[in-house]
Amino acid sequence: VQTCALPISPDSLSRWYTYFGTFGPGKTGEIEAGPSEAAKTTGSMSIFRGGRNWSDYHVDTTINWGQVSVFSLLGRFVDDGNFVSCAFSRYGETAQLYQVIKGESNFISQTPPLPVKDFEPWVGVKMGMEVQGNRVGCFVNGEEVLHATLADVSKNGSVGFETWDPNPAAAPHVIQSFSVTQRSGE
């Protein structure tokens with residue numbers, strides 16, 4: 001088992017690739033992810049460049065939730081048309097599991113409403129994802145809230161995140177931490 005905090009700082013952005021949207025230092029210097037009003041996008045997608053050969057791992061992230069509706073963790077990312085996703089809405093109140101194959105997004109399952117903090121529910125929201133063989137699990141505050149065993153999952157692939165909101169001017173999420181714990185044999 002090996003854990004690494006993936007670099008998300010202004011100095012390390014070259015280790016990430018952004019397909020679309022905003023990913024980088026915001027007005028306060030913190031790393032933000034969200035849609036781009038200038039480019040008229042309603043979301044963002046950023047991937048860690050170094051994880052192409054990873055297979056089984058657990059991803060943890062902590063964010064300060066912005067106005068953007070959805071924050072998704074991506075796993076087994078081969079390209080922008082092949083990956084699995086744990087999508088979280090409203091401070092982690094709902095988690096949904098998706099599998100994208102050849103560009104087609106397939107909804108797998110969803111949680112019922114989950115509890116969120118009463119005080120400042122947007123601060124320090126902890127979400128996670130685990131891929132182990134064909135099993136994918138979604139986590140909120142360290143607890144697995146959703147899982148499925150999926151066919152046709154790539155054996156290897158990197159990690160990343162995606163955001164979505166209908167408003168390109170929605171305030172982005174602020175990423176506080178992002179780490180990956182690789183499982184045996186990696």
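Author: Strands here are DSSP runs of E, at least two residues long, numbered from the N terminus. The model is predicted. Gly51 is in the loop between strand 5 and strand 6 (57-64).

Reader: What makes Gly51 buried or exposed?

Author: Buried means under 20% relative accessible area. Gly51 has a relative accessible area of 0%, so Gly51 is buried.

Reader: Which residues are in contact with Gly51, leaving aside its neighbours within four places in sequence?

Author: With those neighbours left out, Gly51 is in contact with Gly157 and Ser158. The C-alpha atoms of Gly51 and Gly160 are separated by 9.6 Å, and the two residues are 109 apart along the chain.

Reader: Why is strand 14 (residues 158-164) described as largely enclosed by the rest of the structure?

Author: The description rests on burial: six of the seven residues of strand 14 are buried, so the strand is largely enclosed.

Reader: How do you know that strand 5 (residues 43-48) and strand 14 pair?

Author: Two strands pair if DSSP finds at least two bridges between them. Strand 5 and strand 14 have five bridges, in the antiparallel sense, so they count as a pair. Within this pairing, Ile47 stands opposite Gly160 of strand 14.

Reader: What joins strand 7 (residues 70-79) to strand 14?

Author: Six bridges join them, and the two strands run antiparallel. The requirement is at least two bridges, so strand 7 and strand 14 also count as paired. Phe71 has Thr163 in strand 14 as its bridge partner.

Reader: Glu162 also lies in strand 14. How do you know that Glu162 has no salt bridge?

Author: A salt bridge needs a side-chain nitrogen of Lys or Arg within 4 Å of a carboxyl oxygen of Asp or Glu. The nearest side chain of opposite charge to Glu162 is that of Arg76, 16 Å away, so the 4 Å limit is not met. Glu162 is nevertheless buried. Apart from neighbours within four places in sequence, Glu162 has contacts that include Phe20, Ser44, Met45, Val70 and Phe83.

Reader: What makes the pair of Asp56 and Arg76 a salt bridge?

Author: The closest N and O atoms of Asp56 and Arg76 are 2.8 Å apart. The limit is 4 Å, so the pair qualifies. This salt bridge links distant parts of the chain: Asp56 is in the loop between strand 5 and strand 6, Arg76 is in strand 7, and they are 20 residues apart.

Reader: Where do Asp56 and Arg76 fall, buried or exposed?

Author: Asp56 has 16% relative accessibility, under the 20% limit, and therefore counts as buried. Arg76 has 2% and therefore counts as buried too. Asp56 and Val136 are 80 residues apart in sequence, with their C-alpha atoms 9.8 Å apart.

Reader: How many salt bridges are there by this rule?

Author: The count is three. Besides Asp56 with Arg76, there is Arg90 with Glu93 at 3.4 Å, N to O, and Glu144 with Arg135 at 2.8 Å.

Reader: Why are Arg90 and Glu93 called partly exposed?

Author: Partly exposed lies between the buried limit of 20% and the exposed limit of 50%. Arg90 has a relative accessible area of 45% and Glu93 has 22%. Both values fall between the limits, so both residues are partly exposed. Glu144, at 28%, and Arg135, at 28%, are partly exposed as well.

Reader: Why is the link of Cys86 and Cys138 called a disulfide?

Author: The S to S distance is 2.0 Å. The cut-off is 2.5 Å, so the pair counts as a disulfide. The structure holds one disulfide. Cys86 is in strand 8 (residues 82-89) and Cys138 is in strand 12 (residues 135-140), 52 residues apart. The angle about the S-S bond is -85 degrees, and the link is left-handed. Cys86 and Cys138 are buried.

Reader: Which residues touch the most other members of the largest nonpolar core?

Author: They are Leu73, Phe88, Met127, Val136, Val159 and Phe161, in a core of 34 residues. Strand 11 (residues 125-132) gives the largest share of this core, four residues. A second, separate core has six residues, including Met45, Ile47, Leu74 and Phe83.

Reader: What is Met127 in contact with, leaving aside its neighbours within four places in sequence?

Author: Among the contacts of Met127 are Val59, Ile63, Trp65, Phe71, Leu73, Phe88 and Phe139.

How values were computed:
Residues numbered from 1 in each chain as written. Predicted model: local features only at pLDDT ≥ 70, side-chain atom pairs only at ≥ 80, totals over all residues. Heavy atoms only, no water. Buried < 20%, exposed > 50% of the residue type's maximum accessible area, 1.4 Å probe, protein only. Contact = heavy atoms within 4.5 Å. Core = buried A, V, L, I, M, F, W, Y, C linked by side-chain atoms within 4.5 Å. Lys, Arg positive; Asp, Glu negative; His and termini not counted.
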